[in-house]
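Here's a quick tour of a protein model, going from its cysteines to one of its sheets and then out to the whole chain. Have a look at the structure first, then read on.

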Amino acid sequence: MRVLDLSRLFPGPYASLVFSDLGADVVKVEDPDPGDYLRDISPGMFAALNRGKRSVVLDLKAAGGMLDLRRLCARADVLIESFRPGVLERLGLADLVADPGRLVICRISGFGQSGPWSDRAGHDIGYVALAGIVARNGGVPAVQLGDLFGGAQTAVIAVLAALLERAQTGRGRVVDVAMTQAVTGLLLPNLGEVAVAENALDGSRPCYRVYACKDGGAYALGALESKFWERFCQTVGRADWIDRAFDVSLAPVVDALFATRTREEWDALLRPVDCCGEPVLTPSELRGHPLFAQLFAGDLPRTFPALVPTSDLPVRPAPARGQHTLEVLREWAPRGDSNPPPA
């Protein structure tokens, strides 16, 4: 499968990274300057999101650049873009949007390609605020949920569904991924409630809470079911707590208990009794944890589902801007092509 990725920053590049890890040939299409500016903002993030891909530079405001893009589109299975709504049309691809042929065009935006909100600028904080995530979370999430769930993961699902449809009909389609609307999927169970219910999973209940430990680390307890909470209480010698799993007033008392041991000591004590407790790891600790041994492809994390073994993933590092322009154009769109795409 061949994927053209015209996007920048997080949502589109994360989606195309998933396709790359699933075996697709992914080509980033960048403008002459600045290209994907995540490369300069955070070289580490850029490297993690763009390993295994190739990069071409095309000036889409010039006739030659647009002709090359059309030739690439004629050989591609998927085109991903995250321009503001209408930009692809203004660049001269309105006909391709209207009739993509076999191409699946994935359009990622904050509020969708049409409607009264489509022209608004935005970032993740605004998407998750409008979608109810910030209110439910009690603050701004430290992970870009709108970009990565509402954008990237939704785009992957939509594209795979469109490719399945194409296998049956022979036709591609345009898929409109609106991050703000899509990220409400994280609230789907809550939106099914007739009335606003009290949130028992907000960390205020002693059975479902993150506890600070003696060494500055933390331990997460998720003993929602009575059998797990009872195991915890019996293990710490507090059978009198068994009926108080959801008693908010007990939380400070359990806080004080956890402050008496280190994170590692709590893990050694509670892991054998299987009470749904886990140490709180920092991102830098993942590499050394046995659960994540297969997470890293070299020095960088891979994506999931892991249908391709980590050892078989492309070892190509993230590209320099335009590093593979001539190579890709010769391979995908030779100038002597007798069947160029329609102009």
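## Burial and the cysteines

Let's start with a cut-off: a residue counts as buried when its relative accessible area is under 20%, and as exposed when that area is over 50%. Keep in mind that everything here comes from a predicted model.

Is Cys275 buried or exposed? Its relative accessibility is 1%, so Cys275 falls in the buried class. Cys106 is buried too, because its relative accessibility is 0%.

## No disulfides here

How many disulfides does the structure hold? The count is 0. Cys106 is in no disulfide, and its nearest cysteine sulfur, the one in Cys73, sits 13 Å away.

Why does Cys275 have no bond to Cys276? Cys276 carries the closest cysteine sulfur, but that atom is 7.1 Å from the sulfur of Cys275, which is too far for a bond. For a pair to count as a disulfide, the two sulfur atoms would have to be within 2.5 Å.

## A three-stranded sheet

Now for the sheet. It's an open one, built from 3 strands in the order 7-8-9, with antiparallel pairing. Strand 7 (208-212) and strand 9 (277-279) are the edge strands, each pairing on one side only. On average, neighbouring strands in this sheet are turned by 20° against each other, if you ignore direction.

Zooming in on one pairing, strand 7 and strand 8 (residues 218-222) run antiparallel and are joined by 5 bridges. Which residue of strand 8 stands opposite Val210? That's Ala220.

## A helix across the sheet

Helix 13, covering residues 263-270, lies across strand 8 and strand 9. Relative to strand 8, helix 13 runs at about 30°.

## The whole protein

Stepping back, the secondary structure of the protein adds up to 14 helices and 11 strands. The C-alpha trace spans about 80 × 45 × 40 Å along its principal axes.

Of the 343 residues in the protein, 43% are buried. The accessible surface comes to about 17300 Å², and carbon and sulfur atoms account for 58% of that. As for contacts, take those between residues at least 6 apart in sequence: 69% of them join residues at least 24 apart.

Key:
Residues numbered from 1 in each chain as written. Predicted model: local features only at pLDDT ≥ 70, side-chain atom pairs only at ≥ 80, totals over all residues. Heavy atoms only, no water. Buried < 20%, exposed > 50% of the residue type's maximum accessible area, 1.4 Å probe, protein only. Pairing = 2+ DSSP bridges. Helix = DSSP H or I, 4+ residues; strand = E, 2+ residues; numbered from the N terminus. Axes fitted to C-alpha atoms, helices over the stretch in contact; angles between N-to-C directions. Contact = heavy atoms within 4.5 Å. Areas by Shrake-Rupley, 256 points an atom, 1.4 Å probe, with all protein chains shown as cover.
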